[in-house]
Amino acid sequence: MSVAAATVRKRSALTSSDRFVYLLAAPLVLVLLVYLVVPMFATATTSAQGGGAAYRGFFNGSSATALGLSVGISLASVLTTGVLGTALAVLLSRFDFPGRKVLRLFALLPMALPPLIGAVSFYFLYAESGILPRFLAQYLGADAASVSANGVWGVLLVHTMTMYPYFYLAVTAALAGSDASMEEAALNLGASRFRMWRTVLLPMLTPALVSGTLLTFMVSMASFTAPQFYNVQTLTMQIVASRTSGAYDVAAAQAVVLSVVSICFLLAMRWYENRRIHRGSSKGTPQSVKVLHGVLPRTAAGLGSLLLVLFLMAPPATIALLSFTVDGSWTTQILPPEYTLENFARIFTDPVTLRPILVSAQMAFVAMLGCVLVGVLAAWVVTRWKGPGKALLDVMVMLPWALPGTVIGVNIVTAFASPTPFNLGQVLIGSLWILPVAYFVRFLPLVFRSANASLAQIDPSVEEAARSLGAGPWRALRTVTVPLMSRGIIAGALMAFIQGFGEYVASVVVYPARYAPLSVEIYNRIYSNEFGTAAAYGTLQMVLILLVLALSQRLENPRRAQKPRKDTRGNSAVALTPVLAPTLNPIHETGDKNEHANEPVNAAPRA
């Protein structure tokens, strides 16, 4: 009798809201299985064909060397971007000097460069045949090869100057939320400024540094354009080469190994961050900005800011300059000798030239719709899920963020090459629809993280109030929760769109020959020595990204988009680009850590 009563109580504890969550979770899990999990298993199965010969060849051949090179470049990129991004964040957050406002404006300029365009701009600027080495060779007699960035050094330069915003954004946000009273207390107790930074502020910055490390390492492991232009044989290069040559089992084995390395790094960083809670319990005000005094320090800071701004402006300015170049006219000169508007006119008047833009825009838009639908649903289910399996669902959604684009491309090609019940009978190879599927898988985490960040700020009692007034679960979700999440949803959707519009790494693996997306067309034009047309495409990409970022800023803060907020001391608070803020920390915490809020933060992490 007591057992029956316990069963009845257990069933009654399952409210209609809980049942609604599980009902929505069913199609979500199906989508994740079909487009994320099954492709990964399909690639693993393909790689095991021939009794594991592909893996034996991997570890006995050049692939193992390529893997070591990829990991080495990624770790070096983390170090260089970490130093530059963190130093720039501290400089612009804690010090006031001539040129600070202008430098803050241009600090995020690399985010407007698509990966391919960023690699192209640095190649045309700093490679042996680039503008700067040619200038130094002609006017200063320097050896162009010795003053150029080639090989691994060229890849590191591209990675450093295009990925440092990951650290800059994360550290800036952490510094803006730090408590000045804790720093002042450490200094008043006799700690030197260096010790205060090491024992108080640095532990507080640990989540931000881990976030920047994760993003930089994973993007570096996925990097394909920079190694391609500088002819560095990383593992991503070998995956594409194996796939192109028809060695599908070898490409699958390479993709599996690269996936394992990326996922292991993700888990290691998550373990490291979770060793200790880096959170303060006080509610003090942010640290005030220190004004530099003296003619010499202010002059040096102003000149340094000017040089850094010019350095940051050089890559996009190079692409804009080359967009007016006559195709085939730039050979050995320092700058292009002939200029024209024909490149832009041809793009908008020739249907063949316009097609890559239309393909990328339409496919990115379709993928964005799928990301919004599934990402918002996943964010709501993960947040409201009360039973076991919540962490597993969270990891399934975020898994593509830990995988290189080449791996995702290989997974999709392998899974959808033939109709099976696991892929719902879909054969996408050779069709245009394989592009939005790849973009959907690759950028779903962006919308998920953005929607999840917005949902975390909504009190569940708001939904409960709607339910108590007679609204059903679906109506409460549609009319109450989603409108409150709208800004986060729009931010994630815009980011997914611009990322899909400029995606190259996955596109080069999966695109159908008749419908080359914009990024692939840019590379094809460069390979055909049509630099002007390629740069015109790239300029349009940059303009679109800047417009989308400006739109996101406006939607996030429509009344004060141009005015920085003031803290209680009258200091200008640091304004982050809202569309990027939800993606600063790719590690999603599912546990409740409020009980650790009073844990001291100035102690060293546990060994």
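**Exercise 1. At roughly what angle do the axes of helix 6 and helix 25 cross, and within what distance do they come?**

Solution. The model is predicted.
- Step 1: Locate the pair. Helix 6 covers residues 115-126, and helix 25 covers residues 518-527.
- Step 2: Read the geometry. The two axes come within 9 Å and cross at roughly 25°.
- Step 3: Classify the angle. Angles under 35 degrees count as roughly parallel, so helix 6 is roughly parallel to helix 25.

**Exercise 2. Find which residues of helix 6 and helix 25 meet, then sort them by character.**

Solution.
- Step 1: Take helix 6. Its residues in this contact are Leu 116, Ile 117 and Val 120.
- Step 2: Take helix 25. Ser 519, Ile 522, Tyr 523 and Ile 526 meet them there.
- Step 3: Sort the residues of the contact. They divide into 6 nonpolar, 1 polar and no charged.

**Exercise 3. Is Thr 43 buried or exposed? Name its contacts beyond its neighbours within four places in sequence.**

Solution.
- Step 1: Place the residue. Thr 43 lies in helix 2, residues 16-47.
- Step 2: Check its area. Buried means under 20% relative accessible area. Thr 43 has 1%, so Thr 43 is buried.
- Step 3: List the partners. With those neighbours set aside, Thr 43 touches Ala 252, Ala 255, Val 256, Val 410, Asn 411 and Thr 414.

**Exercise 4. Describe the whole protein chain.**

Solution.
- Step 1: Count the elements. The protein chain has 26 helices and 2 strands.
- Step 2: Look at burial. Of its 607 residues, 50% are buried.
- Step 3: Look at the surface. About 27600 Å² is exposed, and carbon and sulfur atoms supply 65% of it.
- Step 4: Look at the contacts. Among those between residues at least 6 apart in sequence, 78% join residues at least 24 apart.

How values were computed. Residues are numbered from 1 along each chain as its sequence is written. This is a predicted model: local features need pLDDT of at least 70, side-chain atom pairs count only at pLDDT 80 or more; totals for chains, interfaces and linings use all residues. Side-chain values use heavy atoms; hydrogens and water are left out. Axes are lines fitted to C-alpha atoms, for helices over the stretch in contact, and angles run from 0 to 180 degrees between N-to-C directions. Helices (H or I, at least four residues) and strands (E, at least two) are DSSP runs, numbered from the N terminus. Angles under 35 degrees count as roughly parallel, over 145 as roughly antiparallel, 65 to 115 as roughly perpendicular and the rest as oblique. Contact means heavy atoms within 4.5 Å. Ala, Val, Leu, Ile, Met, Phe, Trp, Tyr, Cys and Pro count as nonpolar, Asp, Glu, Lys and Arg as charged, and the others, Gly among them, as polar. Buried means under 20% relative accessible area, exposed over 50%, partly exposed in between (1.4 Å probe, protein chains only). Accessible areas come from the Shrake-Rupley method with a 1.4 Å probe; for residues, only the protein chains shown count as cover.
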